[in-house]
Amino acid sequence: MTDEPASPSKRDEARAAAKRRRTKGLDRREAIFDLFVSGFSHQQIAKALDASTSTVRRILDTAVAERQLDAPERFARVQIARLSKALSHADLKLEQGDIRAFTPYLKIVAALDRYHRLDARGLPQRLAHTEDVLSAPAPLLALPGPAPTDPAPDEEVAVFGA
């Protein structure tokens, strides 16, 4: 028996190197996907990583194809968080007087309504019925006797003082 520790074989070293490459590739793919989800364009990501746009597109296509879908509730929470951030940005632009932010603001509000199930298609039954009742015009009331006549313009001026 020898006192020297067993040195890893070349096969073990190659296996470890391959595992490091795979891990590095997965980490890079996740980083690119996270940047894309955060709102960066393909060109911005490519410039930040010093890679070509086609490489970023290929990596994103692979990441999307291999990605498992989130549960619907989790997806809705993520979308609501993103839309809320966009809504606050559009609101700030409107407060600063940027009228171009009005259309995106309305679109974001409509999307948030959809995720909160406040749009007409997703309204719960009791809310949909309440909305119908509230939106119906009130019936006209009949007054007894003849309809009053409008005073002449000169009389109004005399009463209110011109």
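**Exercise 1. Determine which residues of helix α3 are buried and which are exposed, and where the buried ones lie around the helix axis.**

Step 1. In this predicted model, local features need pLDDT of at least 70 and side-chain atom pairs count only at pLDDT 80 or more, whereas totals for chains, interfaces and linings use all residues. Residues are numbered from 1 along each chain as its sequence is written, and side-chain values use heavy atoms, with hydrogens and water left out.

Step 2. Taking buried as under 20% relative accessible area, exposed as over 50% and partly exposed as in between (1.4 Å probe, protein chains only), the buried residues of α3 are Thr55, Val56, Ile59, Leu60 and Ala63. Helices (H or I, at least four residues) and strands (E, at least two) are DSSP runs, numbered from the N terminus.

Step 3. Viewed down the axis of α3, the buried residues fall within an arc of 130°, so they line one face of the helix; the arc is that of the directions from the helix axis to the C-beta atoms. On the other side of α3, the exposed residues are Ser54, Arg58, Asp61, Val64 and Ala65.

Step 4. The buried residues of α3 pack against α1 (10-37) and α2 (42-49), where contact means heavy atoms within 4.5 Å. From helix α1, Arg29 touches Ile59, Thr62, Ala63 and Glu66, leaving aside residues up to four places away in sequence. Arg29 counts as buried because its relative accessibility is 18%.

**Exercise 2. Check the end-to-end lengths of α3 and α4 against the expected span.**

Step 1. The expected span of a helix is 1.5 Å times one less than its number of residues.

Step 2. For the 14 residues of α3 (residues 53-66) this gives 20 Å, and the end C-alpha atoms are 20 Å apart, which agrees.

Step 3. For the 24 residues of α4 the expected value is 34 Å, and the end C-alpha atoms are again found 34 Å apart, in agreement.

Step 4. The buried residues of α4, namely Ala76, Gln79, Ile80, Leu83 and Ala90, pack against α5 (102-115).

**Exercise 3. Describe the largest pocket by its volume and its lining.**

Step 1. A pocket is defined on a 1 Å grid over the protein atoms alone, as an open set of points where a 1.4 Å probe fits, with protein on both sides within 12 Å along at least five of seven lines; lining residues have an atom within 4 Å of a point.

Step 2. The largest pocket has a volume of about 460 Å³, a volume being the space filled by probe spheres set on the points, which are joined across faces, edges and corners.

Step 3. Of the 14 lining residues, Phe33, Val37, Arg67, Asp70 and Phe75 lie nearest the centre of the pocket. The elements giving two or more residues to this lining are α1 and α4 (72-95), and the largest share, five residues, comes from α4.

Step 4. The lining divides into seven nonpolar, two polar and five charged residues, with Ala, Val, Leu, Ile, Met, Phe, Trp, Tyr, Cys and Pro counted as nonpolar, Asp, Glu, Lys and Arg as charged, and the others, Gly among them, as polar.

**Exercise 4. Characterise the backbone and the environment of Asp50.**

Step 1. Most residues other than glycine have a negative phi.

Step 2. Asp50, in the loop between α2 and α3, has a positive phi near 55°.

Step 3. With 72% relative accessibility, Asp50 counts as exposed.
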